[in-house]
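Colleague: Please put the model up, and I will ask about a few residues and one pocket.

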Amino acid sequence: MDENTKAILARLRVQTTLSAQLVLKNLSNVCRAECNTEKTRETRADVLQQMYSYLLKEKSIETEYVSGLPVVLVEGNEVAEAQHVVVSLNNWREFRPYLYRLLPVLAPYRELLEKFGVKVEPTIHHYASVLARIYKETTQKATLQPNHIKTVIRVIRCFFQLLDESVDFSDLKELHLPCTDGKLYPSNIVVFNDCATGESLQALQGTFHFLVDRLGDYWSFETYKNLRKLLLLLPVDLQPKRLSDIIREQLDESSLQPCSYGVHCEFQSRLEELLVAPEFQDALVALLRWQNADKEAEADRAHVGLFSLEQLEVICCETLCTVMFHQSQCLEGTQKAKTMFVETTRDGKQHIYLLHQESLGCRQAVKIFNTLAEEVNKLLGERLCTKAMYVLSEILACQEPEEIAAVLNDHKVPLQKFTLRHAFTLPDPGEKVPEEWHDSLDMNILHSFMSRDYVGYLDPSVQGEHYVYAVVLEDLGLQQSGTGQVHMYRIDVGAGQQLKVSTHDLYHFRQCTPASDSSKALVLMQSPPDKAAAAGLSGGDWYQQPLSEVKKKLDACLAEIWSLSEEERKKAIRRLYLCYHPDKNLGQEVLANEIFKYLKEKIEEMENKGLKDGSSWGPKSSGSFNRNHCGNFSNYWSEWDQQAHQHQQRRQEFTRQRQSGRGGRSFTYNFWSFHRSRTTGCQSKCPGVEEARRWLRQAEYDLRAAANQVANDSTEWLLYMTYQAVEKALTAVEYKQGGHFDSNLSVTMLAAKVAMHGQELTAIRDQVSKLRQHGMDNKKTQYPKYHSPPTIPNEAFHTCKEKEVLLLGQEILDTVQRWLGQW
């Protein structure tokens, strides 16, 4: 075309060249045109490819003309927006009609189409767009149809495979996720179940939209394993809520039933004592250092104050259930029976609730100790790795804190011991006894003491009541005092200082009254009247004796006291005065008042008698009580009254503080249970010989009960009670040797152990063996499952020689009695 022609056409406003802008406008019109027939769709496809070819030659084009329009040719001669098309798309058929691959025939136009918005690989934005479109299409539908489900499964898998810390979420405004009811929901109202199971989960389905958790469908194994972490990579406003963050599991107090054994529950006590033991805290530090060799400082910080009486309480229950709360509302149907539940109080203290276990099967034990290990790890900030958790579970299965070191050694975990002082550690000799424990000092004057006893000592070098902790080193026997005798001892009061003191200077801390293995113990038979009276003043429960007998024993005791030197007499009278003071006998004030009045009258009577005999001794000092000078005792009653009142007052204040610190739950005022550190289960802190005699005393009653079954057609009961008697007698030997009751040992194993403690005990092994041959047992005598049907225990021992069994049992008890008599 010549220049003249071009000029004419220009004046007529006829375009002689085709602009890219015009082609793009026409392209937008073509894309919007309805093509309802195969022929029209083919025509559109040809036109689009010609336009692509033309625009490809253009150096620059303004793509805003086609933004948001279906300008890309896809399968079936359909068209789609560029943002819904990618060059490479695996399993592309499952994404249609929401996401397409670029047709191979359009490969020559790839550069142009990428300018329109086609991406090489699908991104999280592509997948999120697919989910959003399906969500809009199905909002009003009850569930997704099969093709939707197939697409959603594929999209979800691909979406989470792309998630990592480098993903750019800046343009991601919405995300929809599949839930267990078969529909899609906005991700920020979806709930990720991280705590509910079984019936509780089923009950919550109507309240929450739970993210699907079926491993085989929506999630690959790798994704499912890391799903919790992957969800945290999403923008905060798009993250599903964790169920544990929006509901609160708490005790169903209406169904909570405390353990019938109370503070004597061996299961509860063993675990609590293990958790607060210094050995356990040392083990936690060792585990942290073992797995983090370069983070010792962090481990040290974690070590301080992790577990203590102030921060932890173990509570055993016969029934234990929890319920779920959401926005302060109890969720119906969420009650769940539990074997363990850990509750953190508002002040940060930990209450570990346990379902009582008489005995632990293998599976139950693994479950409990693994669950407890998880809870301990939570308190540590979930810093323990898998291998450390394995070791921790084994540590929690230990019967005694002393076993922990062996567990660490087995796993080659280096152990460095630390000395931690907390409420479960006995104070050192010489330390002052705090006033809150003055009421736990036993004022009984007839107590005897033995080597290694841990006692209170009233220091005469300090004015007023000043008790310190002490350890008895040696029994020096009876020594002359006035015209009478008093027992003397050598004690350790710390700092290398040893003192020679009398029995009136020393005080037992009131003993706890633990139970033996509750599943086996027989009921203690009531003492005959004569023995009860003989107990008189020697027991703490004096008010259980007839008043006439108590008064009779008081008369005898005062007569003996009056024969002592003036110094010992005053110390002994003060103890008697406080022992029966009404303020120190809570709940027995009426009886205490009567005995207390009688005691003061008898003291005045004996003082008056001394005046007549010319043996008066008057006060040589005034003011507070001076233990080195004598005086009329009535001059000191006011001071002693004040001391008794202060004992009661400090105890009550201390108890109230402890209850407040335990969320209002009861606190048992017991020196030994408060300070225990190395006892196991319900084991007593009583001195070895004293506790041994207590067990032997019960063994005697058990054997007496067995004798009542002779010729009573109850041989199985005779054998069972004999087993009880023998087991307790042998356990008495263990207590004397510093051991304790071990329910894991059979009586045969226990006899073999006892036989090693002395030549005079060696015959016990053969005696127990003979008893076993007669049928003595604690299981075969009780349970039919240990016999072949149809035999039951009552029918299994007709040939047993009952009298021989009793004689053998009595021989064992006599042997133990003689052996204990040496101490």
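Modeller: F654 is buried, because its relative accessible area is 4% and buried means under 20% (exposed is over 50%, partly exposed in between; 1.4 Å probe, protein chains only). This is a predicted model, where local features need pLDDT of at least 70, side-chain atom pairs pLDDT 80 or more, while totals for chains, interfaces and linings use all residues. Residues are numbered from 1 along each chain as its sequence is written, and side-chain values use heavy atoms, without hydrogens and water.

Colleague: How far apart in space are F654 and E436?

Modeller: F654 sits in helix α21, residues 637-661; helices are DSSP runs of H or I of at least four residues, strands E runs of at least two, numbered from the N terminus. E436 is 218 residues away from F654 in sequence. From C-alpha to C-alpha, the two are apart by 6.0 Å.

Colleague: Which side chain of opposite charge is nearest to R575?

Modeller: R575, in helix α19 (residues 566-579), is buried yet has no salt bridge, that is, no side-chain nitrogen of Lys or Arg within 4 Å of a carboxyl oxygen of Asp or Glu. Lys and Arg count as positive, Asp and Glu as negative, with His and the chain ends not counted. At 6.1 Å, the nearest side chain of opposite charge is D442.

Colleague: The backbone oxygen of which residue lies 2.5 Å from a polar atom of the R575 side chain?

Modeller: The R575 side chain reaches the backbone oxygen of M443 at 3.4 Å. The backbone oxygen at 2.5 Å belongs to L506.

Notes: A polar contact is a pair of N or O atoms within 3.5 Å; within protein, one must be able to donate a hydrogen and the other to accept it, and residues adjacent in sequence count only if both atoms are side-chain atoms.
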